[in-house]
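Student: Hi! Could we go through this protein together, one step at a time?

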Amino acid sequence: MPTFTTYDGTELAYRIKGEGEPLVCLAGGPMRDAGYLGDLGGLAAHRALVLLDARGTGASAVPADPGTYRCDRQIGDVEALRAHLGLERIDLLGHSAGGNLAVLYAAAHPERIRSLVLVTSAGRALGVETTDEEWDKAVELFADRDWYAQARAALDTIGPDTPLRRVYEIAAPFGYGRWDTAAQEHAAAGEREINWEAAPAYHGEGAYDPQATRRALGALTAPVLIVAGEYDAGPTPAKAAEAAAFFPHAELVVQQGAGHFPWVDDAEAFVRPIAAFLDPAVRTVSVAGVRLAYRVTGPEDARPVVLVHGRGNNSTTWTDIAADLAADHRVYAVDLRGHGLSDRPGSYGFEDFRDELGGFMKALGLTGTGVVAHSMGGAAAYLLAQRAPGLIGRLVLEEAPAFLPLDPPRPVAERPEGPLPFDWGIVTTTDAELNAPDPAWREELTTITAPTLVLAGGPTSHVPQDHLTLLADRIPDARLVRIEVGHLIHNAAPAEFLAAIRKFGL
């Protein structure tokens, strides 16, 4: 493991997981070996995680002065790591107790923070603490679990003389959204990973001055993401929201079904909002409670255009097209629900996508904007054009279904093994709707007022080409162009695709 020497001569160790821009990660515990963070549920696929072992934990040396275990006296360790890495500014993530250190560092060195992520972070540094009564009330969320009665009875035995190890053992089931084998193994590792002698000193007297910290954070211009677990008792989502209010530029995300270790409960749900937050090319907006990620390029004062992907894809499918259009457009490429870095709410259907696209455009003030949409996204776009005349300016439909019942119908698809870049529920729901679509979706094509370009991919596409002819015939102001390269025209023939849509007036 690589090491560096911090301000008082103590040698500290860290490990790096993943590749790309570094994300410095501070472990909680307090005073727990950073190994328990793992790869943070796969976040290492997006960033190089720099996992610091705090002094006296993991592979880091024990300091000469035990008083330096106190949280505020570890600020210098983070600064020494930043200098060692040669970074002018850092992206910093703190979990649980480590979030206090991240906050103190941000208050002491606001100019060194590029972005700050606080994961189920205890709010002592901000003066936002959970009382014992609040904690006891919060854990009642688990009252329907079969282990609750026994665990709650043990919880009630905790007193001022209960050893810290025993406190952690008793509280462990309440730290996870699911107290399954993975959670139990993760919790059990704490016995050997925590420096039990150092842990009490971390929050020791004098560690925090909440009023001074809150004042200092007024100078923090960097964006802040606060991740809370729906089932976490410390902090609860309400306490996390209270903490968020002390930052000039903070966003709160509550991970549903998660506890204090959200990457253990649902790795994919944990990674998506953080990856979106850390990617400077990605922005987010909430539409009807669903957090949508989108990419925006091009001059701010240029003509806007919205790009909508097909099923199983996401905004990155438009990378080459967006780069060309950005020369004279403000280009918005959205990840629809269940795709890419957007939320996976579990409810899907063409009307869901229709309403979501409309909400997205309204939220960003894109009324009257041109829309270029592929396949499933194309269907959502023309359903929106039926429902909200005037919201879409010009409409490009690339290989969109015409909602003629499929004959033969598609059989129930079998989910592939392993993680997917989209929610499989989208496939089962939309296949059922394609097999037996609402007749109104097809009948109301005649109500579309937006000038429309229908792009057909030819005989190698799985979409029946006569269906695309029907689309062009039924939409009053529509024209049909064939680019015979298959279903993914914008990927297979980007030059021809761009020539067609520019000739159309985009």
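Tutor: Gladly! Let's begin with a term we will need: a polar contact is a pair of N or O atoms within 3.5 Å, and within protein one must be able to donate a hydrogen and the other to accept it. Keep in mind that this is a predicted model.

Student: Which residue has a side-chain polar atom 3.0 Å from the backbone nitrogen of Val463?

Tutor: Look in the loop between β15 (452-456) and α18 (465-474). The residue we want sits in that loop, and its contacts beyond four places in sequence are Glu399, Gly486 and His487. The side chain that puts a polar atom 3.0 Å from the backbone nitrogen of Val463 belongs to Ser461.

Student: Is Ser461 buried or exposed?

Tutor: The relative accessible area of Ser461 is 11%. Buried means under 20%. Ser461 therefore counts as buried.

Student: Which helix gives the most residues to the largest nonpolar core?

Tutor: In soluble globular proteins, nonpolar side chains tend to be buried together. Here the largest nonpolar core has 54 residues, and Val306, Phe360 and Tyr382 are among those with the most contacts inside it. Eight residues of this core come from one helix, spanning residues 375-387, and that is helix α15.

Student: How many residues are in the other core, the one with Ala54 and Leu81?

Tutor: That core lies apart from the largest one. Its members include Ala97 and Leu101 as well as the two you named. The number of residues in it is 48.

Student: Which residue follows Gly29 across a cis peptide bond?

Tutor: Most residues other than glycine have a negative phi, and most peptide bonds are trans. The bond after Gly29 is cis, with omega near -5°. The residue on its other side lies in the loop between β3 (22-26) and β4 (48-52), and it is Pro30.

Student: What is the omega of the cis bond from Asp407 to Pro408?

Tutor: Pro408 lies in the loop between β14 (392-398) and α16 (425-435). The peptide bond leading into Pro408 from Asp407 is cis, and its omega is near 5°.

Student: What is the phi of Met31, and is Met31 buried or exposed?

Tutor: Met31 is found in the loop between β3 and β4. Although Met31 is not a glycine, its phi is positive, at about 65°. With a relative accessibility of 2%, Met31 counts as buried.

Student: What is the relative accessible area of Leu40?

Tutor: Leu40 also lies in the loop between β3 and β4, and its phi is positive, near 50°. Leu40 is buried, and its relative accessible area is 1%.

Technical notes
Residues are numbered from 1 along each chain as its sequence is written. This is a predicted model: local features need pLDDT of at least 70, side-chain atom pairs count only at pLDDT 80 or more; totals for chains, interfaces and linings use all residues. Side-chain values use heavy atoms; hydrogens and water are left out. A nonpolar core is a set of buried Ala, Val, Leu, Ile, Met, Phe, Trp, Tyr and Cys residues joined through side-chain atoms within 4.5 Å. Buried means under 20% relative accessible area, exposed over 50%, partly exposed in between (1.4 Å probe, protein chains only). Helices (H or I, at least four residues) and strands (E, at least two) are DSSP runs, numbered from the N terminus. Contact means heavy atoms within 4.5 Å.
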